[in-house]
Amino acid sequence: MSTTASDPLAALGSLPGVPEAVDSVRKAVDRVYGHRVMRRRSNEVTAEAALRGSRGSAALAGADWNLEEVRRRTDFSGEDEARTVGAALRLTAEAGQLLSIWRQSPLRVLARLHLVAAGGAAPDDAVGRPRLAGESVDEPLIEAPLPGADEVAGRLEGLSQLVIAGGSAPALVTAAVVHGELLALRPFGSHNGLVARTAERIVLIGSGLDPKSICPAEVGHAEQGRAAYVAAFEGYTAGTPEGMAAWITHCGRSIELGVRESTAVCEALQRGAA
């Protein structure tokens, strides 16, 4: 796959190991979409995938609750972990409503996602906008050097243009780059990881790879563990072909693990056990 000035992500699809990851993800997604339960009960699978994806994203953000606690809980105010889980749930619910806006105005969507995640927990003037020079960032999992505000603005604009332009890059590649770039930039004062993983979800849905949102990559990111997540992300920030390939394939494996989770949900529904 060759790259052009209008399609700078395309070459990433031919990095060593990436074509195989793209093919493996597509086959896994096709299998779960072909499950007989999906013909009549896809809404139930989507709802369960959303819950499990939210739990996984919150776990990476430091709130590693078991699924039943997330399912049972109704009050997500109070302690930090509860607010994190609540933010993850709100973001997952919001993602599907922003698809039509994403391809025209990604920056508007990112602002909305931060607003939803913050939920009134941050100062009003800091919510829904990229951080300004001198403003701090609360993102304990990611310890990579923090780009300055000017760099953040420039790279966000570049990312936005890539999304708007579209191109021939596989959905996995685009989703991984959006996710990785937002983690690298940490454009907001808080909740950047949650926002980045939600943006990945939006790309996967909007691309047509996972239109019913039943393949929660967040589940796979959490299952592989925080250490593996950070290590793969360091490959992204290194910017080498090997590092980029490692991050993309990590994201691909995460989608496959999300597929496995939803396949188990389908099997449980088929048995009448869920």
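**Exercise 1.** In this predicted model, determine which residue just after helix 7 takes a positive phi, and give the angle.

*Solution.* The residue that follows helix 7 directly is Gly 166. Its phi is positive, at about 70 degrees.

**Exercise 2.** Compare the span expected for helix 7 with the distance between its end C-alpha atoms.

*Solution.* Helix 7 covers residues 149–165, which makes 17 residues. At 1.5 Å a residue, the expected span is 24 Å. The end C-alpha atoms of helix 7 lie 24 Å apart, so the two values agree.

**Exercise 3.** Establish how the buried residues of helix 7 are arranged about its axis, and state what covers them.

*Solution.* Begin with the list: Ala 149, Val 152, Leu 156, Leu 159, Ser 160 and Val 163 are the buried residues of helix 7. Viewed down the helix axis, these residues fall within an arc of 105 degrees, and therefore they line one face of helix 7. The general reason is that an α-helix has 3.6 residues a turn, so residues three or four places apart point the same way. Next, consider the face turned away from the buried side: it carries the exposed residues Asp 150 and Ala 165. Finally, the cover over the buried residues includes helix 5 (99–102), helix 6 (106–118) and helix 8 (171–185).

**Exercise 4.** Classify the ring pair formed by Phe 233 and Trp 247, and place it in the chain.

*Solution.* The model has five aromatic pairs. In the pair of Phe 233 and Trp 247, the ring centres are 6.1 Å apart and the planes meet at 75 degrees; the pair is therefore edge-to-face, as planes over 60 degrees apart count as such. Phe 233 belongs to helix 11 (residues 226–238) and Trp 247 to helix 12 (residues 241–271), 14 residues apart. Both residues, Phe 233 and Trp 247, are buried. Ring pairs also join them with Tyr 229 and Tyr 236 in a cluster.

Terms used:
Residues numbered from 1 in each chain as written. Predicted model: local features only at pLDDT ≥ 70, side-chain atom pairs only at ≥ 80, totals over all residues. Heavy atoms only, no water. Helix = DSSP H or I, 4+ residues; strand = E, 2+ residues; numbered from the N terminus. Expected span 1.5 Å × (residues − 1). Buried < 20%, exposed > 50% of the residue type's maximum accessible area, 1.4 Å probe, protein only. Arc of directions from axis to C-beta. Contact = heavy atoms within 4.5 Å. Phe/Tyr/Trp six-rings, centres within 6.5 Å; stacked < 30°, edge-to-face > 60°.
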